[in-house]
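Please look over the structure shown below before reading the numbered points. They are written for a student who is meeting the pockets of a protein model for the first time.

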Amino acid sequence: MTQTDDSLRDHFLVASPYLEDAGFHGAVVYLCEHSAEGAMGIVVNQPLEITVGEVLDQLDIRRERPDQPVYAGGPVQTERGFVLHRTGGDWHGTIPVSDRISLTVSRDVLEAIGRGDGPRQYLMALGYSGWGEGQLEEELASNSWLVTPADDDLLFRTPDESRYAGVLRAMGIDLNQLTNTVGHA
């Protein structure tokens, strides 16, 4: 996908309470790519009942770091792992999203995490969220999502159960005052 000036890459999509897709109820999606061809993002606040340590054990990767949750990144390719992390390191399959955040899809980043010399701040997800050409724009026009620039502290330092409310708060929005005619930030 090619980057455009009006790209929402490196933004959060925050599910409106009126989003009709139950799979995204209360979701915060970090957009990794957005162009005229479509969009791709990772849900960053819906932990699965599996930890990074358990994934590393399943892959026979030695681990030394404390366990962190693995997130349900979205309904597409749910068997594939994605690691969102601070930019830095030299791993195969790394795609820079911004000058601060990268997305890596290769085993070597998992091995580095297991050894304790991987990215210090990261989120691991299984699957991703994808939109075809014009699909996200249609959902935005129907007020299904709120949009705001991503905040690294909300992404990496805020507990997953607080991310939805935290992103809304950062936008100056009181969850109790949202209506189905909400606009876009």
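The points below describe two pockets and the residues that line them.

1. The coordinates come from a predicted model, and the points that follow should be read with this in mind.

2. The largest pocket has a volume of about 230 Å³. Its lining is made up of 14 residues. Those nearest the centre of this pocket are C32, E33, M40, I95 and L103.

3. Which elements give two or more residues to the lining of the largest pocket? They are β2 (28–35), β3 (38–43) and β6 (76–86). The largest share, three residues, is supplied by β6.

4. In chemical terms, ten residues of the lining of the largest pocket are nonpolar, one is polar and three are charged.

5. The second largest pocket holds about 200 Å³ of space. It is lined by 16 residues, of which V55, L59, G81, L110 and M124 are the closest to its centre.

6. At least two residues of the lining of the second largest pocket come from each of α1 (52–58), β6, α2 (107–115) and β9 (122–131). Here the largest share, four residues, belongs to β6. The strand β6 thus appears in the account of both pockets: it gives the largest share of the lining of the largest pocket and the largest share of the lining of the second largest pocket.

7. The lining of the second largest pocket contains ten nonpolar, four polar and two charged residues. For the reader who wishes to set the two linings side by side, the largest pocket has ten nonpolar, one polar and three charged residues.

Definitions and conventions: Residues numbered from 1 in each chain as written. Predicted model: local features only at pLDDT ≥ 70, side-chain atom pairs only at ≥ 80, totals over all residues. Heavy atoms only, no water. 1 Å grid on protein atoms, 1.4 Å probe; cavity = no way out; pocket = protein on both sides within 12 Å on 5 of 7 lines; lining within 4 Å. Points joined across faces, edges and corners; volume = space filled by probe spheres on them. Nonpolar A, V, L, I, M, F, W, Y, C, P; charged D, E, K, R; others polar.
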